[in-house]
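Me: Please take a close look at metal coordination in this model, then turn to helix packing. I would be grateful if the criteria were stated along the way.

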Amino acid sequence: MAESEPPKSFLETLRISRGITQVQLAAATGISQAALSKVESGTVDFDEDRWATIAKELGVPVSAFTSANQPMEAALVFHRKRKSTPKTALNKIAADLALTRLRVESIVGSQKTSLRRHDLEDGYYTSGEIARKVRRELGLGDGPVPDLVAMLERAGVIVLRWPLESLQVDAIAAWPAKSGPVILVGEHVPAERQRFTMAHELGHAVLHDGEASDAQEREADDFAAEFLFPAKQVVKEWVANPSLEDLYPIKRKWGISLAALIRRGYDCNLLDDREYRGWNVKLSSTGMHRREPAPLPPENPKALRMAIAHAQATGITIELLAERAHMYPTEFAATFMEEIA
Ligand SMILES: [Zn+2]
């Protein structure tokens, strides 16, 4: 789903990302809700004492506000989630994403993606055709996409593994007009589904510019399927009446889940309705749709960690990086450096 994210102030974004309401913040700080509301909408500013009180409550250095309570840059936001995900949870994670974008930019500088946008021109092109165009632009030829995270990073997209499990969200992505895109992928998502999820987000990014709809979800899925495993290759590599074991090498080669592979076979008319249903029953009755056999190795984002390591090598301390990101060093390290050995 996609929605245009209206620009919010740093304070409002931070407050929502912490899961705190205006009423709660007013009660905790002794500052009236009316005053908070005015400051969040940018009509007035606080003095340093009030900012210090708020900074303490929200767990950030006061410089975060005194240097920059600027409006956040607007961006298109897409998420892949369960339909039942509560609105407040989505608002919280959208705020978390907006902050993360700002923080990432303070580390890597403002970068632009080399990905081009494509218009479906009201159905003149299919999303499958656009997927093939994007493959060509990225120089992928006809073969598998070996490391999708690395490919996205080369195209100027920051990918982060993020704790989204409790939010029932597989991924959330922001594609701002002016700065670099960021995709947060749920830590709980297994590698095969992670690849499809990222390809789905890539589909939104190149195809769509707002207004959530079920049609867009299908288009992003169709894009992802063709991007990861083009129909031409599916037909070439399919084994007649495949056993489960016959599918493992195809799964590994193309980096696609068995569930998506079965769907691919069906969409390419290699499985009929009955066979497709049979496969789905088999996958779900054995719990395989949740934990698939022949799991794929995880793809690990590296760009941000390398940027941090590079900054450190040039004498920039974690304290300074954290301050630029409007965070305390402990939160900065826990957020962006946990995987660094
Ligand atoms: Zn989507």
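Reply: Helices here are DSSP runs of H or I with at least four residues, and strands are runs of E with at least two, numbered from the N terminus. The model is predicted, so local features need pLDDT of at least 70 and side-chain atom pairs pLDDT 80 or more, while totals for chains, interfaces and linings use all residues. Residue numbers start from 1 along each chain as its sequence is written, and side-chain values use heavy atoms, without hydrogens or water.

Helix α9 spans residues 191–207 and carries both His200 and His204, which are 4 residues apart, about one turn of the helix. Each of these histidines coordinates the zinc ion through NE2, and Glu217 contributes OE twice, at 2.1 to 2.6 Å. Donors are N, O and S atoms within 2.8 Å of the metal (3.2 Å for Na, K and Ca); water is not among the atoms, so sites may look incomplete. Along the chain, the zinc donors have the spacing H-x3-H-x12-E. The angles subtended by the 4 donor atoms run from 51 to 125°, and the arrangement is therefore irregular: a tetrahedral one would need all angles between 85 and 135 degrees; square planar (four donors) and octahedral (six) need opposite donors over 155 degrees apart and all others between 65 and 115.

As for packing, the axes of helix α6 (residues 87–108) and helix α15 (residues 303–313) approach within 9 Å, crossing at roughly 45°. Axes are lines fitted to C-alpha atoms over the stretch in contact, with angles from 0 to 180 degrees between N-to-C directions. The two helices α6 and α15 are therefore oblique (under 35 degrees is roughly parallel, over 145 roughly antiparallel, 65 to 115 roughly perpendicular, the rest oblique). Val104, Ile107 and Val108 of α6 meet Leu304, Ala307 and Ile308 of α15, contact meaning heavy atoms within 4.5 Å.
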